[in-house]
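Biologist: Hi! Could you walk me through this protein, starting with something small and working outward?
Modeller: Happy to. Let's have it in front of us.

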Amino acid sequence: MKRIFFTLMVLGFILVFTQCDNSKKDNRTIITKKIQYDVPIVNREPDYDWWIKNIEGSDREALVNNIFDRVLAGDVQAYDYFHKPINVDAVKKILVDTAYHTLVRPIQPFNEYDTMIIHNIEPNQVSLLRFLEEWKYDENSLKIDKRIYAISPVIEMTVNGKKVTRPLFWIYTDDSILKK
């Protein structure tokens, strides 16, 4: 009798643990393993509500300043577009925008001369954050889960009369993507 009871108990535990294990199964579908997109963090549209395409000023400054400070202190590894690590000195060079211009003197004989304009890129110029993510979708709950792999601060600039975006550097919040 004890043997039957013990056998039933063991089978019950196996059944319970097997059912618990199945409930932890990930039923989400991967929508995309990699998606990269820009998120505006500075609202330049006066007709929009303040929170549309915007992070409140002090929160935005704290976030971007933290990214810059950690990278420039060497606490966080920065990467280039091709996933290659770059050192702090390389990041400092990225944060200096140098332009060469040929200008004409305003007085006679109106000679041309070359000049170099050096512009330091500051955290307050970051108007976008670029994300690299994986998205999963649960068909039952309609929930989308995002796994952030990397973040890049992005500035907007005008080149040859066109507005372009320029990612400065990448930081990986999940470096497992570097191994893929």
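**Starting from one lysine**

Modeller: Let's begin with K143, which counts as partly exposed because its relative accessibility is 48%. Keep in mind that this is a predicted model.

Biologist: Okay, and which residue does K143 form a salt bridge with?
Modeller: With D145, where the closest N and O atoms are 3.7 Å apart. There is also a network of salt bridges here, linking R28, K143 and D145.

Biologist: Which residue is the bridge partner of K143 in the strand pairing?
Modeller: That one is D138. The pairing belongs to strands β6 and β7, which run antiparallel and share 12 bridges.

Biologist: How many residues sit between the strands in that hairpin?
Modeller: There are 4 residues between β6 and β7. In this hairpin, L142 has a positive phi near 65 degrees.

Biologist: Let's stay with β6. Which other strand is joined to β6, and by how many bridges?
Modeller: Strand β1, residues 29-40, is joined to β6 by 9 bridges, and the two run antiparallel. As one example, T29 has Y137 as its bridge partner in β6.

Biologist: Why is β6 described as largely enclosed?
Modeller: Strand β6 covers residues 126-138, and 11 of its 13 residues are buried, so the rest of the structure largely encloses it.

Biologist: And how much of the whole protein is buried?
Modeller: Buried residues make up 25% of the 180 residues.

Biologist: Back to salt bridges for a moment. How many are there?
Modeller: The count comes to 6. One of them joins the side chains of R166 and D97, at 3.8 Å from N to O. R166 is in strand β8 (residues 162-167) and D97 is in strand β4 (residues 96-104), so this pair ties together parts that lie 69 residues apart in sequence.

Biologist: Are those two buried or exposed?
Modeller: They fall in between. R166 is partly exposed, with a relative accessible area of 21%, and D97 is partly exposed too, at 25%.

Biologist: What does the side chain of R147 meet in a salt bridge?
Modeller: It meets the side chain of D174, with 2.7 Å from N to O. R147 lies in strand β7 while D174 is in the segment after β9 (170-172), so the pair ties together parts 27 residues apart in sequence.

Biologist: Is D174 buried or exposed?
Modeller: D174 counts as buried because its relative accessibility is 16%, and the cut-off for buried is under 20%. Its partner R147 is partly exposed, at 37%.

Biologist: New topic: the inside. What tends to happen to nonpolar side chains?
Modeller: In soluble globular proteins, nonpolar side chains tend to be buried together.

Biologist: So how many residues are in the largest nonpolar core here?
Modeller: It has 20 residues, and V91, V126, L168 and F169 have the most contacts inside it. Helix α2 (57-72) and strands β6 and β7 each supply at least two residues of this core. The largest share, 4 residues, comes from α2.

Biologist: What is V126 in contact with?
Modeller: If we leave aside neighbours within four places in sequence, V126 is in contact with I41, V42, V64, F68, P153, V154, I155 and L168.

Biologist: How many residues does the second core have?
Modeller: The second core is separate and has 7 residues, including Y79, Y149, Y172 and I177.

Biologist: Now the outside. Which residues form the nonpolar patch on the surface?
Modeller: V96, Y100, M116 and I118 do, with about 420 Å² of accessible area together. The elements that give two or more residues to the patch are β4 and β5 (112-120). One of the four, I118, lies in β5 and is exposed, with a relative accessible area of 52%.

Biologist: How much surface does the protein expose in total?
Modeller: About 13,400 Å², and carbon and sulfur atoms supply 55% of it.

Biologist: Last one, the big picture. How many helices and strands are there?
Modeller: There are 3 helices and 9 strands. From the N terminus, the order is α-β-α-β-β-α-β-β-β-β-β-β. Also, among contacts between residues at least 6 apart in sequence, 52% join residues at least 24 apart.

Note on methods:
Residues numbered from 1 in each chain as written. Predicted model: local features only at pLDDT ≥ 70, side-chain atom pairs only at ≥ 80, totals over all residues. Heavy atoms only, no water. Buried < 20%, exposed > 50% of the residue type's maximum accessible area, 1.4 Å probe, protein only. Pairing = 2+ DSSP bridges. Contact = heavy atoms within 4.5 Å. Areas by Shrake-Rupley, 256 points an atom, 1.4 Å probe, with all protein chains shown as cover. Salt bridge = Lys/Arg side-chain N within 4 Å of Asp/Glu carboxyl O. Patch = residues over 30% accessible without salt bridge, like charges linked within 9 Å, V, L, I, M, F, W, Y side chains within 5 Å. Core = buried A, V, L, I, M, F, W, Y, C linked by side-chain atoms within 4.5 Å.
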